[in-house]
Amino acid sequence: MMHCPICRALLNGAETCRRCRAELKQVQEVERQGREIAGAAMHFLALGDAAAAMRLLRRACVVHATPEMRLLSRIVTTAGASSAEPTVTTHASPSTPL
Ligand SMILES: [Zn+2]
């Protein structure tokens, strides 16, 4: 979180906004949790476990839905759907050297 969600003041990593005195520690904690879950989801995705990644992303979206999170879950959903019905792209690569 770069800016205070209430007054948009620059936070510089502070837990309390210096302008409006908003207590942002919990909000930042939730944001951090969301990022952690998303990171774990990426890990599962890298391992090829789209189902586990999807589960984690759904939870992350409940905790803290960011545009990035929504995009990620959309990608995972698409990846899961495409792996269900294998679309093997067999490119007949004409390796013709000069
Ligand atoms: Zn503020």
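In this predicted model, one side of helix 1 carries the exposed residues Lys-25, Glu-29, Gly-39 and Ala-46, while on the other side of the helix Gly-34, Ile-37, Ala-38, Ala-41 and Leu-45 are buried. Seen down the axis of helix 1, these buried residues fall within an arc of 100°, so they line one face of the helix. The length of the helix can be checked as well: at 1.5 Å a residue, its 22 residues (25-46) should span 32 Å, and the end C-alpha atoms are 31 Å apart, which agrees. Helix 1 is followed by Gly-48, a residue whose phi is positive, near 90°.

The protein as a whole has three helices and zero strands, so that the order of elements from the N terminus on reads α-α-α. The helices are listed below.

| Element | Residues |
|---|---|
| Helix 1 | 25-46 |
| Helix 2 | 50-63 |
| Helix 3 | 67-84 |

Of the 98 residues of the protein, 15% count as buried. The largest nonpolar core has twelve residues, among them Ile-37, Leu-45, Leu-56, Leu-57, Leu-72 and Val-76. Each of the three helices supplies at least two residues of this core, and helix 2 gives the most, with five residues.

Met-69 also belongs to this core, and, leaving aside its neighbours within four places in sequence, Met-69 is in contact with Gly-34, Ala-38, Leu-57, Ala-60 and Cys-61. Among contacts in the protein between residues at least 6 apart in sequence, 29% join residues at least 24 apart.

Terms used. Residues numbered from 1 in each chain as written. Predicted model: local features only at pLDDT ≥ 70, side-chain atom pairs only at ≥ 80, totals over all residues. Helix = DSSP H or I, 4+ residues; strand = E, 2+ residues; numbered from the N terminus. Expected span 1.5 Å × (residues − 1). Buried ≥ 20, exposed ≤ 12 C-beta atoms within 10 Å, placed from the backbone. Arc of directions from axis to C-beta. Contact = placed C-beta atoms within 7 Å. Core = buried A, V, L, I, M, F, W, Y, C linked by C-beta atoms within 7 Å.
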